[in-house]
Amino acid sequence: NATNVNLKNLEGMEEGTFGRAYADFMKCHGFHPEDRDAVRFVEDEELAYVMLRYRQCHDFWHTLTGLPPTVPGEIALKWLELFQTNLPV
């Protein structure tokens with residue numbers, strides 16, 4: 001969440017760092033780390049936490065892969081996430 005991810009600090013990092021690339025991605029697309037909806041329909045507290053972290057990391061994957069937040073980009077990213085996490089799409 002925004003208390004853990006300070007985009008202003010990340011924007012000040014050197015070009016070529018992951019932090020700077022993530023901040024640039026978020027700014028370019030008008031996203032914010034707290035924009036994710038709350039996890040619903042998951043009763044198990046530990047599983048809900050895993051799903052929350054999975055959602056919070058989604059834009060990290062966009063940054064690492066260079067995939068845009070478009071329909072084709074999201075489909076490609078979901079395919080990658082499926083094989084990386086074994087979580088359902």
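Here is a short note on helix 2 of this predicted model and the aromatic rings that connect it to helix 3.

1. **Where to start.** A good residue to find first is F18, which sits in helix 2. Helix 2 covers residues 18–29, while helix 3 covers residues 45–65. With the end C-alpha atoms of helix 2 lying 17 Å apart, the helix agrees with the 16 Å that its twelve residues should span at 1.5 Å a residue.

2. **A ring pair between the helices.** The structure holds five aromatic pairs. One of them joins F18 and F60 in an edge-to-face arrangement, with 5.7 Å from centre to centre and 75° between the planes. The pair links distant parts of the chain, as F18 belongs to helix 2 and F60 to helix 3, 42 residues apart. F18 counts as partly exposed because its relative accessibility is 35%. F60 is partly exposed too, at 27% relative accessibility.

3. **A second ring on F60.** Y22 also pairs with F60: the ring centres are 4.9 Å apart and the planes meet at 70°, so this pair is edge-to-face. Y22 is in helix 2 and F60 is in helix 3, so the pair ties together parts that are 38 residues apart in sequence. Y22 itself counts as buried, because its relative accessibility is 3% and the cut-off for buried is under 20%. Taken together, ring pairs make a cluster of F18, Y22 and F60.

4. **How the two helices cross.** Two packed helices are described by the angle between their axes and the distance between the axes. Here the axes of helix 2 and helix 3 come within 9 Å and cross at roughly 110°. Helix 2 is therefore roughly perpendicular to helix 3, as angles of 65 to 115 degrees count as such.

5. **What meets at the crossing.** On the helix 2 side the contact is made by F18, A21, Y22, F25 and M26, and on the helix 3 side by D59, F60, H62, T63 and L64. These contact residues divide into seven nonpolar, two polar and one charged. Looking at F18 alone, and leaving out residues up to four places away in sequence, its contacts are F60, T63 and L64.

6. **The buried side of helix 2.** Which residues of helix 2 are buried? They are G19, R20, Y22, A23, F25 and M26. An α-helix has 3.6 residues a turn, so residues three or four places apart point the same way. The cover over the buried residues of helix 2 includes helix 1 (7–11) as well as helix 3.

7. **Just past the helix.** If you follow the chain onward, G30 comes just after helix 2 and takes a positive phi of about 70°.

8. **Two distances for orientation.** F18 and T70 are 52 residues apart along the chain, and their C-alpha atoms are separated by 21 Å. Further along, L82 lies in helix 4 (residues 71–85). L82 is partly exposed, with a relative accessible area of 31%. From L82 to L10 the separation is 72 residues in sequence and 28 Å in space, C-alpha to C-alpha.

Conventions. Residues are numbered from 1 along each chain as its sequence is written. This is a predicted model: local features need pLDDT of at least 70, side-chain atom pairs count only at pLDDT 80 or more; totals for chains, interfaces and linings use all residues. Side-chain values use heavy atoms; hydrogens and water are left out. Rings of Phe, Tyr and Trp (its six-membered ring) pair if their centres lie within 6.5 Å; planes under 30 degrees apart count as stacked, over 60 as edge-to-face and the rest as tilted. Helices (H or I, at least four residues) and strands (E, at least two) are DSSP runs, numbered from the N terminus. Buried means under 20% relative accessible area, exposed over 50%, partly exposed in between (1.4 Å probe, protein chains only). The expected span of a helix is 1.5 Å times one less than its number of residues. Contact means heavy atoms within 4.5 Å. Axes are lines fitted to C-alpha atoms, for helices over the stretch in contact, and angles run from 0 to 180 degrees between N-to-C directions. Angles under 35 degrees count as roughly parallel, over 145 as roughly antiparallel, 65 to 115 as roughly perpendicular and the rest as oblique. Ala, Val, Leu, Ile, Met, Phe, Trp, Tyr, Cys and Pro count as nonpolar, Asp, Glu, Lys and Arg as charged, and the others, Gly among them, as polar.
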